[in-house]
Amino acid sequence: MNAAEQLGQITSEVVVCTRCPLSQTRKLAVPGEGPATAQVLFVGEGPGGRENASGRPFVGPAGEFLQSLLTSIGWSRSSVFITNVVKCWPPGNRDPMPEEKQACNGYLDRQIFALQPKLIVTLGRHSMEKFFGPGRGISRIHGTTARWRGILCCAMYHPAAALHQPSLREIIQQDFARLPTFLEEAMLEPVEEPEPRLATPPAASPAEDAPSEVPQLKLF
Ligand code: URA
Ligand code: SF4
């Protein structure tokens, strides 16, 4: 299967998935969207109310802000892939629970394997934890990069947090402004990979994820 077919296959599994209790309260699962050729993958936390109603990621207020951040760096939404750590709406917009994240993790791993993105941008704490490891404060590592399975990752505040806290707005704008440089770097250098990229697809059933501490890249 090529990348587009793999992504389509994952989508078709997600929309009928009952692996965790979020399946009982969702309206529509939100697999994620974007071209199979996308070089950049954005990973949010989980669908909100508007996403649950439409089946599409980041279409509410946080999505509007994300769109304006993308525009500010000259990237179009349609050129990147956008998904979430959990694909179904946590009721009341609560945080996803560890078991829910664990149950859903394999879909994200498979999306990454299919896309082979050059750059992964994490939006918010739950996404950051998967790629940067637990216990890393977002206030310290926002705007910085690390490698996960050889792929360059950059941590961002969640756009919704910046919407509610005006002081974060400028910070997230400044962090976004660095993304084109990070992508350029990622395209240029096949940097030493602390962990090899996945050579085989992750199992269809979600497996234990083991984020590892990797050295901070010193690009600046
Ligand atoms: N917030 C998220 O984390 N993801 C969405 O898709 C929408 C809002
Ligand atoms: Fe399946 Fe993920 Fe939805 Fe849970 S959140 S039902 S694991 S798609």
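Around ligand 1 in this predicted model, a shell of 14 residues can be traced, of which Gly44, Glu45, Gly48, Pro57 and Ala62 come nearest. Sorted by class, this shell is made up of seven polar, five nonpolar and two charged residues.

The surroundings of ligand 2 make a good companion case. Here, too, 14 residues form the shell, and those that come nearest are Cys17, Cys20, Ser23, Cys88 and Cys104. Two elements each supply two or more residues to this shell, namely helix 2 (22–25) and helix 5 (98–115). Helix 5 is the greatest contributor, with three residues. In terms of class, nine residues of the shell around ligand 2 are nonpolar, three are charged and two are polar.

Attention now turns to the strands. Strand 4, which spans residues 145–148, is covered on both faces. On one side lie Thr145 and Arg147, on the other Ala146 and Trp148, and all four are buried. The partner of strand 4 is strand 5 (residues 151–156); the two run antiparallel and are joined by four bridges. Within this pairing, Ala146, one of the buried residues of strand 4, stands opposite Cys153 of strand 5. The two strands form a hairpin with two residues between them, and in this hairpin Arg149 adopts a positive phi near 50°.

A helical position offers a contrasting view. Ser68 belongs to helix 4, which covers residues 61–72. Ser68 counts as exposed because its C-beta atom has 12 neighbours of the same kind inside 10 Å, and a residue is classed as exposed at 12 or fewer. Ser68 can also be related to a residue much further along the chain: Gln173 is 105 residues away in sequence, yet the C-alpha atoms of Ser68 and Gln173 are 9.6 Å apart in space.

It is helpful to close with the chain as a whole. The chain holds ten helices and five strands, among them the helices and the hairpin described above. Its length is 220 residues, and 41% of these count as buried. As for how the chain is connected, contacts between residues at least 6 apart in sequence can be considered together: 75% of these contacts join residues at least 24 apart.

How values were computed: Residues are numbered from 1 along each chain as its sequence is written. Chains are lettered from A and ligands numbered from 1 in the order in which they are written. This is a predicted model: local features need pLDDT of at least 70, side-chain atom pairs count only at pLDDT 80 or more; totals for chains, interfaces and linings use all residues. A residue is near a molecule or strand if its C-beta atom, placed from the backbone, lies within 6 Å of it. Ala, Val, Leu, Ile, Met, Phe, Trp, Tyr, Cys and Pro count as nonpolar, Asp, Glu, Lys and Arg as charged, and the others, Gly among them, as polar. A residue is buried if 20 or more other C-beta atoms lie within 10 Å of its own, exposed if 12 or fewer, and partly exposed in between; C-beta atoms are placed from the backbone. Two strands pair if DSSP finds at least two bridges between them. Two residues are in contact if their C-beta atoms, placed from the backbone, lie within 7 Å.
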